[in-house]
Amino acid sequence: MNYLTKDLVFPPVSEANKDGFLAIGGDLSTERLLLAYKSGIFPWFEPGDPILWWSPNPRMVLFLDEVVVSKSMRNILNRNAFKVTFNQDFRGVISNCQKIKREGQHGTWITNEMIEAYCKLNELGIAKSVEVWQDNELVGGLYGVDLGTIFCGESMFSKVPNASKVAFIHWSRHLKANNYKLLDCQIYNPHLESLGCREIARAEFITILKS
């Protein structure tokens with residue numbers, strides 16, 4: 001097992017185990033988080049546990065010309081049922097991601113420490129959010145880390161049906177319009193697959209990340 005020290009260094013991602021677990025310890029400083037994301041690594045741990053760092057293989061990603069917009073979603077988008085903003089309420093989005101109940105999960109992996117760390121990244125223009133509003137209420141959104149040509153999605157939430165899908169589709173279109181290479185979604189789930197995401201080998205992801 002790889003234990004991190006105060007030194008700003010991570011082991012090679014090839015040392016991750018079959019589940020993607022790479023290292024333990026360290027901190028959530030801006031410098032370490034940036035190094036992690038630029039290396040294809042992200043933190044994921046339960047409240048009360050030490051910080052755990054992951055680099056899964058395969059990696060779930062969205063190539064931006066592959067986003068799937070179903071007929072029903074096209075109708076929702078065309079009706080302008082929601083208002084969508086970018087980076088207007090980052091703390092609101094990450095706080096809702098922390099509180100939202102998810103099927104098959106007990107509690108949350110978004111600790112208060114993580115909220116403060118990512119809000120600091122947001123203040124520096126590194127972490128960004130998408131907000132979805134209905135009748136002036138925040139009902140959905142997503143957030144992640146912006147590396148300039150790759151956006152590393154962290155979490156999304158929805159208080160009403162389809163709000164998170166609206167956030168995802170709007171953001172993927174925004175990234176494509178600004179010549180991003182892909183949207184990193186980290187780990188497979190069927191909801192992401194329904195939106196066009198697919199798994200690629202970690203080595204391919206790292207190659208794209210470094211290019």
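The following conversation goes through helix 1, the nonpolar cores, the aromatic pairs and the cysteines of a predicted model.

Reader: Which residues of helix 1 are buried?

Author: In this predicted model, helix 1 spans residues 30–38, and its buried residues are Thr30, Arg32, Leu33, Ala36 and Tyr37.

Reader: Why are they on the same side of helix 1?

Author: They cover an arc of only 165 degrees around the axis, so they fall on the same side of helix 1. In general, an α-helix has 3.6 residues a turn, so residues three or four places apart point the same way.

Reader: And what follows helix 1?

Author: Gly40 follows helix 1, and its phi is positive, near 80 degrees.

Reader: Turning to the interior, which residues touch the most other members of the largest nonpolar core?

Author: That core has 47 residues, and the ones touching the most other members are Leu28, Leu33, Trp53, Ile94, Tyr118 and Tyr143. Helix 4, residues 112–123, gives the most to this core, with 6 residues. There is also a second, separate core of 27 residues, which includes Leu64, Met73, Ile169 and Cys185.

Reader: How many aromatic pairs does the structure hold?

Author: It holds 8 aromatic pairs. One of them joins Phe10 and Trp53 edge-to-face, at 5.0 Å centre to centre and 70 degrees between the planes.

Reader: Where do Phe10 and Trp53 lie?

Author: Phe10 lies in the loop between strand 1 and strand 2, whereas Trp53 belongs to strand 4, so the pair ties together parts that are 43 residues apart in sequence. Phe10 counts as buried at 12% relative accessibility, and Trp53 is buried with a relative accessible area of 0%.

Reader: What about the rings of Tyr37 and Tyr118?

Author: Their centres are 6.5 Å apart and their planes are at 85 degrees, so this pair is edge-to-face as well. It links distant parts of the chain, with Tyr37 in helix 1 and Tyr118 in helix 4, 81 residues apart. Tyr37 is buried at 2% relative accessibility, and Tyr118 is buried with a relative accessible area of 0%.

Reader: Which residues do ring pairs link into a cluster?

Author: The cluster consists of Tyr37, Phe90, Tyr118 and Tyr143.

Reader: A different topic: how many disulfides are there?

Author: The structure holds 0 disulfides. For Cys152, the nearest cysteine sulfur is that of Cys185, 9.8 Å away.

Reader: Why is Cys185 not bonded to Cys197?

Author: The sulfur of Cys185 is 3.7 Å from that of Cys197, its closest cysteine sulfur, which is too far for a bond; the cut-off for a disulfide is within 2.5 Å.

Reader: Are Cys152 and Cys185 buried or exposed?

Author: Cys152 is buried, with a relative accessible area of 1%, and Cys185 is buried at 11%.

Notes:
Residues numbered from 1 in each chain as written. Predicted model: local features only at pLDDT ≥ 70, side-chain atom pairs only at ≥ 80, totals over all residues. Heavy atoms only, no water. Buried < 20%, exposed > 50% of the residue type's maximum accessible area, 1.4 Å probe, protein only. Helix = DSSP H or I, 4+ residues; strand = E, 2+ residues; numbered from the N terminus. Arc of directions from axis to C-beta. Core = buried A, V, L, I, M, F, W, Y, C linked by side-chain atoms within 4.5 Å. Phe/Tyr/Trp six-rings, centres within 6.5 Å; stacked < 30°, edge-to-face > 60°.
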